[in-house]
Amino acid sequence: MNGGNGVYSYSKSSQLQKEGSDVMMGMIKDAITEKMDIKSLLSNNSNIASFHIVDFGCSIGPNTFLAMQHIIETITHKHQTQHKNNQISPEFQVFFNDHVTNDFNTLFKALPLERRYFTSGVPGSFYGHLFPSNSIHFAYSSYSLQWLSKTPKELMDEKSRSWNTGKIHYIGASEDVTSVYIAQFEKDMEMFLNARGQELKRLWKME
Ligand SMILES: C[S@@+](CC[C@H](N)C(=O)[O-])C[C@H]1O[C@@H](n2cnc3c(N)ncnc32)[C@H](O)[C@@H]1O
């Protein structure tokens, strides 16, 4: 993504991604309201419940800030309605993750002044482990998991049946090409889910 605030920066050209995220946010809010088990977060012995949220592939804003705000508002609302007599109100820590090459300086400069959360930047690929086991309460990712971890080498090998003739997309490509993209996506998703499976706490009611 282009960094900075210029005309061609991601911060000035991410309206499409915002619209997608707005649609998903309704579903995310429903899931938090219906299925998140806030009680288990608050039932430990500590006086303060701290809630850790990660945006995997956050880029430089502004969409990530809106998404984090909506998630935190929904969790806070659920906590207030479920625990009216409870003195403990959760504190939130948001981890902004992206590749090491992401323009984190622009992201940090654009952080909303009125935010109700602590922040950290976490550089590195989300296809690997980024957090200690059992330490994250909520993982969010939008418009980022379509990025593969690498270009499969067969696509660039002129001698391979899956050579993609120099293109960087699969629109109109043969089945040999698309199957290579699919296989890479499956491997990547497995790595992503395995890493999150270790890092996430169990806070959800399973059906
Ligand atoms: C299209 S932007 C989406 C940004 C933001 N989530 C939004 O909705 O506006 C995709 C982001 O994912 C990041 N990304 C792609 N692959 C990644 C990886 N393996 N690990 C961490 N970030 C990654 C890119 O660097 C880029 O900033």
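**Exercise 1. Decide whether isoleucine 75 is buried or exposed, and find what it touches.**

Step 1. Isoleucine 75 has a relative accessible area of 0%, so it is buried. Buried means under 20% relative accessible area, exposed over 50%, and partly exposed in between, with a 1.4 Å probe and protein chains only.

Step 2. This is a predicted model: local features need pLDDT of at least 70, side-chain atom pairs count only at pLDDT 80 or more, and totals for chains, interfaces and linings use all residues. Residues are numbered from 1 along each chain as its sequence is written, and side-chain values use heavy atoms, leaving out hydrogens and water.

Step 3. Place the residue: isoleucine 75 lies in helix H3. Helices (H or I, at least four residues) and strands (E, at least two) are DSSP runs, numbered from the N terminus.

Step 4. List its contacts, meaning heavy atoms within 4.5 Å. Leaving out residues up to four places away in sequence, isoleucine 75 touches Ile32, Met36, Ile38, Phe51, Ile53 and Phe92.

**Exercise 2. Work out the strand order of the sheet and place helix H3 on it.**

Step 1. The order is S3-S2-S1-S4, in an open sheet of four strands with parallel pairing. Two strands pair if DSSP finds at least two bridges between them.

Step 2. Find the edges. Strand S3 (118-123) and strand S4 (138-140) each pair on one side only.

Step 3. Check one pair. S1 (residues 50-56) and S2 (residues 91-98) are joined by seven bridges. Aspartate 55 has phenylalanine 96 in S2 as its bridge partner.

Step 4. Add the helix. H3 (residues 63-82) packs on the sheet and touches S1, S2 and S4. Its direction makes about 150 degrees with that of S2. Axes are lines fitted to C-alpha atoms, for helices over the stretch in contact, and angles run from 0 to 180 degrees between N-to-C directions.

**Exercise 3. Test the span of helix H5 and find where its buried residues pack.**

Step 1. The expected span is 1.5 Å times one less than the number of residues. For the 25 residues of H5 (residues 175-199) that is 36 Å.

Step 2. Compare. The end C-alpha atoms are 36 Å apart, which agrees.

Step 3. The buried residues of H5 include Val177, Tyr181 and Phe192. The buried residues of this helix pack against S1.

**Exercise 4. Identify side-chain polar contacts to the ligand.**

Step 1. Look for pairs of N or O atoms within 3.5 Å.

Step 2. Tyrosine 10 places a polar side-chain atom 2.5 Å from a ligand oxygen atom. For asparagine 63, a side-chain N or O atom is 2.9 Å from a ligand oxygen atom. For histidine 99, the distance from a side-chain N or O atom to a ligand nitrogen atom is 3.3 Å.

Notes. Polar contact = N/O pair within 3.5 Å; in protein donor to acceptor, adjacent residues only side chain to side chain.
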